[in-house]
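I opened this one to see how its pieces fit together. Here are my notes, in the order I looked things up.

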Amino acid sequence: MKYMLLICGRPDATETPETPSIESWLDYVEGKRLHGSRMRPITDATTVRSREGEVLVSDGPFAETTEHVGGYDLIEVDNLDEAIDIASRHPVAHFGSIEIRPLWEG
């Protein structure tokens with residue numbers, strides 16, 4: 001099963017000495033991580049909506065929140081429990097959050 005891990009955090013969040021390294025996490029998920037990347041800051045975001053035949057474009061993210069999606073990882077594992085284990089070990093899970101979303105396949 002494929003899962004998208006949405007890496008969320010506050011822009012001003014910082015790692016602590018207890019935060020695991022990204023290198024150790026990448027070693028742990030080797031063979032299960034299909035792709036991943038950091039994202040540019042929300043100041044570079046563009047939101048698109050289509051309403052009644054009109055395309056509405058606005059600068060910035062869709063919603064005002066204190067946490068923003070800062071990156072993603074696409075993983076392929078056997079089940080949600082394994083995805084939770086992988087997400088819990090991600091460095092950002094120690095000072096931000098990881099949203100896990102299953103992908104539609106078929």
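**Entry 1: helix 2**

I began with helix 2, residues 80–89, and found E82, A83, I86 and A87 buried. They span an arc of only 135 degrees around the axis, so they sit on the same side of helix 2. That agrees with a rule I keep in mind: an α-helix has 3.6 residues a turn, so residues three or four places apart point the same way. I am working from a predicted model, by the way.

What do the buried residues of helix 2 pack against? I listed strand 1 (2–9), helix 1 (22–28), strand 5 (68–76) and strand 6 (97–102).

I also checked the N-terminal end of helix 2, and N79 caps it. A side-chain oxygen of N79 lies 3.1 Å from the backbone nitrogen of D81.

**Entry 2: the sheet**

Next I traced the sheet, an open one of four strands in the order 2-5-1-6, with antiparallel pairing. Strand 2 (33–38) and strand 6 are its edge strands, each pairing on one side only. On average, neighbouring strands here are turned by 20 degrees against each other, direction ignored.

How many bridges join strand 1 to strand 5? I noted eight, with the two strands running antiparallel. For G9, I found the bridge partner H68 in strand 5.

Then I put the two entries together: helix 2 packs on the sheet and touches strand 1, strand 5 and strand 6. The direction of helix 2 makes about 155 degrees with that of strand 6.

**Entry 3: the core**

I looked up the largest nonpolar core and got 12 residues: Y3, L5, I7, W25, V29, I75, V77, A83, I86, A87, V92 and I98. Which elements give two or more residues to this core? Strand 1 and helix 2 do. A general note for the margin: in soluble globular proteins, nonpolar side chains tend to be buried together.

I picked A87 from this core for a closer look. Setting aside neighbours within four places in sequence, I found A87 in contact with L5, A93, I98 and I100.

**Entry 4: H90**

My last stop was H90, in the loop between helix 2 and strand 6. Is H90 buried or exposed? Its relative accessibility is 5%, and buried means under 20%, so H90 counts as buried. Not counting residues up to four places away in sequence, H90 touches I7, I22, W25, D73 and I98. Of these contacts, I7, W25 and I98 were already on my list for the core.

Note on methods. Residues are numbered from 1 along each chain as its sequence is written. This is a predicted model: local features need pLDDT of at least 70, side-chain atom pairs count only at pLDDT 80 or more; totals for chains, interfaces and linings use all residues. Side-chain values use heavy atoms; hydrogens and water are left out. Buried means under 20% relative accessible area, exposed over 50%, partly exposed in between (1.4 Å probe, protein chains only). The arc is that of the directions from the helix axis to the C-beta atoms. Contact means heavy atoms within 4.5 Å. A polar contact is a pair of N or O atoms within 3.5 Å; within protein, one must be able to donate a hydrogen and the other to accept it, and residues adjacent in sequence count only if both atoms are side-chain atoms. Two strands pair if DSSP finds at least two bridges between them. Axes are lines fitted to C-alpha atoms, for helices over the stretch in contact, and angles run from 0 to 180 degrees between N-to-C directions. A nonpolar core is a set of buried Ala, Val, Leu, Ile, Met, Phe, Trp, Tyr and Cys residues joined through side-chain atoms within 4.5 Å.
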